[in-house]
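Let's walk through a protein together, one question at a time. Keep the sequence and the 3D view open while you read.

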Amino acid sequence: MRWIVLAALVIVVFLGTLVVIQSRPGTAVRKKQEAFIVGIERRSPARMRRLIGEEYGDKWGFTRDDAIEAMLDAGSQFLVMVVESEEEAFVRDGPLVVITTVLTVGGTPVGPGANEVMRRVNQLRKPFVFTWEKESFLPNSWRLVQIDNEDLPEELYG
């Protein structure tokens with residue numbers, strides 16, 4: 001009987017430690033960032049909607065729905081889209097986490113727009129900056145609130 005209690009206690013401590021490690025902001029936000037990139041590649045508006053906060057706003061005046069529509073529009077030009085994240089940097093500032101990363105876009109284009117997307121994104125010298133904010137006390141409540149890149153013009157459609 002004593003062995004059963006001891007084994008149960010070890011299992012509880014192990015699982016508790018695992019939950020604490022997975023709940024750390026660095027781990028949680030990196031997982032959210034990876035899920036967001038997969039959402040872009042798969043052109044999944046539901047996944048992007050779950051990860052982008054309602055308060056999303058960027059220098060182009062996009063709301064959450066505008067950002068999702070723009071990413072889906074760019075992704076629609078690909079049969080297969082691959083987005084790779086390189087040279088990732090992670091900074092925590094209170095309730096915000098900023099991930100700075102260089103993105104590379106590739107894949108199988110189905111239209112001329114895909115070639116333009118790949119050319120433009122892959123020629124950017126500055127990294128993309130993703131700002132994540134914790135919405136509540138829950139460890140899984142991180143949402144994307146802004147995307148930026150200094151090399152992109154203020155007017156995207158000009």
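Two residues are in contact when their heavy atoms come within 4.5 Å. Keep in mind that this is a predicted model.

Q: Which residues does Gln33 touch, not counting residues up to four places away in sequence?
A: Start by finding Gln33 in helix H2, which covers residues 25-42. Setting aside residues up to four places away in sequence, look for its partners. You will find Glu88, Ile99, Thr101, Phe130 and Trp132.

Q: Is Gln33 buried or exposed?
A: A residue is buried when its relative accessible area is under 20%, and exposed when that value is over 50%. Gln33 has a relative accessibility of 2%, so Gln33 counts as buried.

Q: What pattern does the protein follow along the sequence?
A: The secondary structure comes to five helices and four strands. Write α for a helix and β for a strand, and read along the sequence. The pattern is α-α-α-α-β-β-α-β-β.

Q: Which strands stand at the edges of the sheet?
A: The four strands form an open sheet with antiparallel pairing, in the order E1-E2-E3-E4. A strand at the edge has a single partner strand, so one side of that strand is left without a neighbour in the sheet. The strands placed this way are E1 (78-93) and E4 (142-148).

Q: By how many degrees are neighbouring strands of this sheet turned against each other on average, direction ignored?
A: Ignore the direction of each strand and consider the neighbours in this sheet. On average, the turn between them is 30°.

Q: How many bridges join strand E2 to strand E3?
A: Strand E2 spans residues 96-109 and strand E3 spans residues 128-134, and the two run antiparallel. For one spot to look at, Thr101 stands opposite Phe128 in E3. The number of bridges joining E2 to E3 is six.

Q: What distance lies between the end C-alpha atoms of helix H4, and what span should its 12 residues have?
A: Helix H4 covers residues 64-75, and each residue adds 1.5 Å. The expected span uses one less than the number of residues, so the 12 residues of H4 should span 16 Å. The end C-alpha atoms agree with this, being apart by 17 Å.

Q: Which residues of H4 are buried, and what arc do they cover?
A: The buried residues in H4 are Arg64, Ala67, Ile68, Met71 and Gly75. Being within a limited arc around the axis puts them on the same side of H4. The face turned away from that buried side carries the exposed residues Glu69 and Asp73. The arc covered by the buried residues is only 100°.

Q: Which strands do the buried residues of H5 pack against?
A: In H5, the buried residues are Ala114, Met118 and Val121. Seen down the axis, they fall within an arc of 80°, so they line one face of the helix. The face turned away from the buried side carries the exposed residues Pro112 and Gln123. The buried residues of H5 pack against E1, E2 and E3.

Q: At about what angle does helix H5 run to E2?
A: Helix H5, residues 112-123, lies across E1, E2 and E3. Relative to E2, H5 runs at about 140°.

Q: Over which residues does pLDDT stay under 50?
A: The protein averages a pLDDT of 87, and 85% of the residues score at least 70. One stretch stays under 50, and the model has four contacts beyond four places in sequence for it. That stretch is residues 18-22.

Terms used
Residues are numbered from 1 along each chain as its sequence is written. This is a predicted model: local features need pLDDT of at least 70, side-chain atom pairs count only at pLDDT 80 or more; totals for chains, interfaces and linings use all residues. Side-chain values use heavy atoms; hydrogens and water are left out. Buried means under 20% relative accessible area, exposed over 50%, partly exposed in between (1.4 Å probe, protein chains only). pLDDT is the predictor's confidence in each residue, from 0 to 100. Two strands pair if DSSP finds at least two bridges between them. Axes are lines fitted to C-alpha atoms, for helices over the stretch in contact, and angles run from 0 to 180 degrees between N-to-C directions. The arc is that of the directions from the helix axis to the C-beta atoms.
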